[in-house]
There are 4 protein chains.
Amino acid sequence: MSELDIYQKQGFGNRSGMGQRPALLIVDFVNGFADPDQFGGGNIGEAIENTRELLAEARALGLPVAFTRVVYAEDGSDAGVFTLKAPTLKILTEESFSSQIVDQLKPWDGEYIVRKTQPSAFFGTNLTAWFVSKGVDTVIVTGCTTSGCVRASVIDSMSYNFKTVVATDCVGDRALGPHEANLFDMEQKYADLMTSSEIIAVLHETTSIDTSSSQR
Amino acid sequence: MSELDIYQKQGFGNRSGMGQRPALLIVDFVNGFADPDQFGGGNIGEAIENTRELLAEARALGLPVAFTRVVYAEDGSDAGVFTLKAPTLKILTEESFSSQIVDQLKPWDGEYIVRKTQPSAFFGTNLTAWFVSKGVDTVIVTGCTTSGCVRASVIDSMSYNFKTVVATDCVGDRALGPHEANLFDMEQKYADLMTSSEIIAVLHETTSIDTSSSQR
Amino acid sequence: MSELDIYQKQGFGNRSGMGQRPALLIVDFVNGFADPDQFGGGNIGEAIENTRELLAEARALGLPVAFTRVVYAEDGSDAGVFTLKAPTLKILTEESFSSQIVDQLKPWDGEYIVRKTQPSAFFGTNLTAWFVSKGVDTVIVTGCTTSGCVRASVIDSMSYNFKTVVATDCVGDRALGPHEANLFDMEQKYADLMTSSEIIAVLHETTSIDTSSSQR
Amino acid sequence: MSELDIYQKQGFGNRSGMGQRPALLIVDFVNGFADPDQFGGGNIGEAIENTRELLAEARALGLPVAFTRVVYAEDGSDAGVFTLKAPTLKILTEESFSSQIVDQLKPWDGEYIVRKTQPSAFFGTNLTAWFVSKGVDTVIVTGCTTSGCVRASVIDSMSYNFKTVVATDCVGDRALGPHEANLFDMEQKYADLMTSSEIIAVLHETTSIDTSSSQR
């Protein structure tokens, strides 16, 4: 029996679908993760390029857009177990070039910038509260790495009961084995996998997208 | 360049080590996950057997021990996105045979039982607070599945700055590909991998284990 | 200058208003808090009676309804600092009469029962996730005590960006000084104060209440 | 029967005590809250002065020290319900004079600065994780306002099972009625009240304070 067969037999791998009020979450597409000599490589560059159109569509439709950056304090005061496992992360500080969001995806005013020190975009941040303030019911996830901060953010997004969609061509990883393995896990248990083209088509069909619930 | 080489070159895969006040966390070793006809299979049975000795040692040393169970309400009121992806999970209710911890690892009075509806043992639970009340600095993780609730719990354990150790022969999965892939991810970024024998050896050496900080 | 004047001058005390998708949260109206010889007294009995009509209206309109209970483990395993401050709380266990929701407000199937060990209905629970699954943007709070679990729940509700309304005649406390003092604090900083009659009038006017976003 | 009598009869108001590894938390002592024309007044100035000695002692003993600041984004992207209740809070941005920690209590390198948008120092922040990384079991709280961010932080500190102490002469409020009312609530249910002199005396006696568990 194949691994996929085992999951299907046990009842995994169903679709959770998309709701009426989607948001776009762009995880850690910062200079340091775009650079193969720092934390990048693999298919990350391609994923950044593919995210451009999805971001443009999200903006045209008025969807809430959130970005994450990894930001540690200059003085090392907030380093922890994650930086014991990967000490190089500590170069990602507020002002460092490596921690700035890539030029291709520069945030607009009113888009939400999450500063985080842990893998998940939701951990120790106000992202859940921000999505609540925007009436969000669905989170479309792009970013990197698939096997790291994307996976961690997807688990939390699903755990908070946001219907969660991974834009398969808009997530990337420094190594393709973990990329593929994590897409498998996420599809079986946490999120729907869709290409950015498929997502854009659904967004256009969902004529009833309600963006009126913003508090501002 | 191999995937491992890429991770090493970028600074991942270091050891976070063990602290002075470890706890044992046993994730979802319940009847339904021990049964290949429900959510089990693969190397889960073996992992349960291997956990017996580690649990006995932890108890002998007076370490805090916590167990998780997946428990949904009988009336379906707390079903959510996770049960859209895997509707079969809803059979795990307070009284169902499937959701009871396996006989081999029956909890003792004073050990903590976490009821959860999401993958992570920490999500929507008081596990962090319980570890704080016990002065815990290190979490040793066993359970299933490696690619599911173990992985999710390990991310959160590390994110809360508990030094985190995965007992490699005491975690199991219904399919071995995801098991191996997730061990790789966890070792590179979140946790140290050790066999239960290695862990027991360290626990015996750590003569200064301080179990005096319990509040009761 | 009066205390109210100071708050007004500094910019506090504005209204946050009600949104389109309110839910009703009923905090700790259990037998032990209805009994002046246990944790009750003051105006709690009256608040329970006043909540009956609000609950009936919420049900008639199909609003999501959540209840909280304080539930500690029989073996004391999850006692903590709260039970050092108030050891009597430990009598509230799953099966104890004291921890059952009062007969006048008996939950219906599909309404959400939050078991908690801490003051806030949101702390260490999945209440936020449940509200997300129901598309909630506004939380109407009743329950007891005003100066304890109501206040703590209101702070978290507001912090998660739910517009928060305290039903003034449906919250109660064992002592009236703290009741009044906490209503003042909540109105200045966290929530709007409205009587249940005022809330019901607004619910009837809000013809566009959208209860379609439930995931079930 | 007095209000205090009611609380005593019902089992509240016991002491939770201090543990072996205390930390100092200084809430929102920033310029804007030191200024009676912004968010200050009452006994806040006095509380800042009284915190100087406690901070000096904490530093001399090597205790972990954390500060909070309220920091909103310049573009208003993270405003929410709290800023609907109190729109003036939005002036507190990363670079604004009002949001800088007061000169008398200037943080040292390695001390932790929590940026927050909500009342509690723990909500949407990594403060719990930071305390875990330092092995903290007790949180000594100073800051302002007693009825606002101090109270909210104390509830969460206790909920995470940190033994919590409010330094009565080191917390302040713009109005004295709410200050006193919230000290009463906190003592009855969440924290021990001690003067800074009493705290310093205990810190000196606790010869076994263990500051070795820092991860750096």
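Which residue of β2(B) is the bridge partner of Leu24(B)? The partner is Val65(B). This model is predicted.

**The sheet of chain B**

Leu24(B) and Val65(B) form a bridge between two paired strands. Strand β1 of chain B covers residues 22-27, and β2 of chain B covers residues 65-70. They run parallel and share four bridges. Both belong to an open sheet of six strands, ordered β3-β2-β1-β4-β5-β6 in chain B, with parallel pairing. At the edges lie β3 (112-116) and β6 (192-194) of chain B, each paired on one side only. From one strand to the next, the twist averages 25 degrees.

Two helices lie against these strands.

| Helix | Strands touched or crossed | Angle |
|---|---|---|
| α6(B) | β1, β4 and β5 of chain B | about 170 degrees with β4(B) |
| α8(B), residues 196-205 | β1, β4, β5 and β6 of chain B | about 140 degrees to β5(B) |

**Where chain B meets chain A**

In this contact, 39 residues of chain B touch 39 residues of chain A. On the chain B side, α1 (3-9), α4 (81-85), α6 (146-159), β5 (163-172) and α7 (176-189) each give at least two residues. By class, that side has 18 nonpolar, 15 polar and six charged residues.

**Chains C and D**

A turn of 180 degrees, with a shift of 0.0 Å along the axis, lays chain C on chain D. The RMSD is 0.0 Å. The two chains are therefore related by a two-fold axis. In chain C, Ala181(C) has the C-alpha nearest that axis, at 3.2 Å. Both copies use the same surface: 100% of the contact residues of chain C recur in chain D.

Notes:
Residues are numbered from 1 along each chain as its sequence is written. Chains are lettered from A and ligands numbered from 1 in the order in which they are written. This is a predicted model: local features need pLDDT of at least 70, side-chain atom pairs count only at pLDDT 80 or more; totals for chains, interfaces and linings use all residues. Two residues are in contact if their C-beta atoms, placed from the backbone, lie within 7 Å. Ala, Val, Leu, Ile, Met, Phe, Trp, Tyr, Cys and Pro count as nonpolar, Asp, Glu, Lys and Arg as charged, and the others, Gly among them, as polar. Copies are superposed by least squares on the C-alpha atoms of residues with pLDDT of at least 70 in both. Two strands pair if DSSP finds at least two bridges between them. Axes are lines fitted to C-alpha atoms, for helices over the stretch in contact, and angles run from 0 to 180 degrees between N-to-C directions.
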